Amino acid sequence: MWQAYPITQTQSTTLQFQINKQDELLSFAHVIQLWQNSAPFRSYFNFLLAEVPFEAFYWEVALMIKTKTSLPFEYLSSLIAHLCAISFHIKALFKNILLQIKQS
């Protein structure tokens, strides 16, 4: 049905994608309409985000105005390195707490 394609990878910490359906790129307007009205598309987009190979990241799209909604939809996923470090420390803390609980 839908397919996401990486279009550029400017750095090892950034991935950029476009989505098409039946070999036609989806526009911003179409993606917005699908987000509003299509549970299967929302699930698919959530799946795409869950598959991003970064432990902590944010995703964004270009600034959008009405005159540009016909442009092909693109989104960018970027690594947030400092959140990865925090996540590592939180996991270590919980592991240590669990170990202390088991020992008591």
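**Entry 1: Phe-45**

I began with Phe-45, which has a relative accessible area of 3% and is therefore buried, since the limit for that word is under 20%. The model I am reading is a predicted one, and I keep that in mind for every value noted below.

I then looked up the rings around this residue, and found that the structure holds 14 aromatic pairs. In one of them, the ring centres of Phe-45 and Phe-73 are 6.2 Å apart with their planes at 65°, so I noted the pair as edge-to-face. This pair links distant parts of the chain, because Phe-45 sits in helix H2 while Phe-73 sits in the loop between E4 and E5, 28 residues apart. Phe-73 is buried, as Phe-45 is.

Phe-45 also forms an aromatic pair with Tyr-75, again edge-to-face, with 5.1 Å from centre to centre and 65° between the planes. Since Phe-45 belongs to helix H2 and Tyr-75 to strand E5, this pair ties together parts of the chain that lie 30 residues apart in sequence.

I wanted to know which residues form one aromatic cluster. The cluster consists of Trp-2, Phe-17, Phe-28, Trp-35, Phe-41, Tyr-44, Phe-45, Trp-59, Phe-73 and Tyr-75.

**Entry 2: Tyr-75 and the core**

I turned next to Tyr-75, whose relative accessibility of 2% makes it count as buried. Setting aside neighbours within four places in sequence, I listed its contacts as Leu-15, Gln-16, Phe-17, Ile-19, Phe-45, Leu-48, Leu-49, Trp-59, Glu-60 and Val-61.

The largest nonpolar core has 18 residues, and the ones with the most contacts inside it are Ile-19, Phe-41, Phe-45 and Tyr-75. At least two residues of this core come from each of strand E1 (2–11), strand E2 (14–21), helix H1 (28–37) and helix H2 (39–50). Which element gives the largest share of the core? I found that H2 does, with five residues. I added a general remark beside this, that nonpolar side chains tend to be buried together in soluble globular proteins.

**Entry 3: the chain as a whole**

Stepping back, I recorded three helices and five strands for the protein chain, and from the N terminus on these elements run in the order β-β-β-α-α-β-β-α. Of its 104 residues, 28% count as buried. Among contacts with a separation of 6 or more, 54% are between residues 24 or more positions apart. The accessible surface of the chain comes to about 7500 Å², and 60% of that belongs to carbon and sulfur atoms.

**Entry 4: Gln-18**

I looked up Gln-18 in strand E2, and asked whether it is buried or exposed. With a relative accessible area of 12%, Gln-18 is buried. Leaving out neighbours within four places in sequence, its contacts are Gln-3, Ala-4, Tyr-5, Ile-7, Leu-25, Pro-72, Phe-73 and Glu-74. For one of these, Pro-72, I also noted the C-alpha separation from Gln-18, which is 7.3 Å although the two are 54 residues apart along the chain.

**Entry 5: the loop between E2 and E3**

Following the chain onward, I reached Gln-22, placed in the loop between E2 and strand E3 (24–25). Its phi is near 50°, a positive value in a residue other than glycine, and its relative accessible area of 70% makes Gln-22 exposed. Asp-23 lies in the loop between E2 and E3 too, and its phi, near 65°, is likewise positive in a residue other than glycine. Asp-23 counts as exposed because its relative accessibility is 74%, where the word requires over 50%.

**Entry 6: Lys-66 and the surface of H3**

Lys-66 lies in the loop between strand E4 (57–60) and strand E5 (74–79), and at 77% relative accessibility it counts as exposed. I noted that its C-alpha atom is separated by 8.8 Å from that of Ala-29, with the two positions 37 residues apart along the chain taken as their distance in sequence.

Last, I looked for nonpolar residues on the surface, and found a patch formed by Ile-97, Leu-98 and Ile-101, which together have about 280 Å² of accessible area. Leu-98 lies in helix H3 (residues 81–103), and with 52% relative accessibility it counts as exposed.

Note on methods:
Residues numbered from 1 in each chain as written. Predicted model: local features only at pLDDT ≥ 70, side-chain atom pairs only at ≥ 80, totals over all residues. Heavy atoms only, no water. Core = buried A, V, L, I, M, F, W, Y, C linked by side-chain atoms within 4.5 Å. Buried < 20%, exposed > 50% of the residue type's maximum accessible area, 1.4 Å probe, protein only. Helix = DSSP H or I, 4+ residues; strand = E, 2+ residues; numbered from the N terminus. Contact = heavy atoms within 4.5 Å. Areas by Shrake-Rupley, 256 points an atom, 1.4 Å probe, with all protein chains shown as cover. Patch = residues over 30% accessible without salt bridge, like charges linked within 9 Å, V, L, I, M, F, W, Y side chains within 5 Å. Salt bridge = Lys/Arg side-chain N within 4 Å of Asp/Glu carboxyl O. Phe/Tyr/Trp six-rings, centres within 6.5 Å; stacked < 30°, edge-to-face > 60°.
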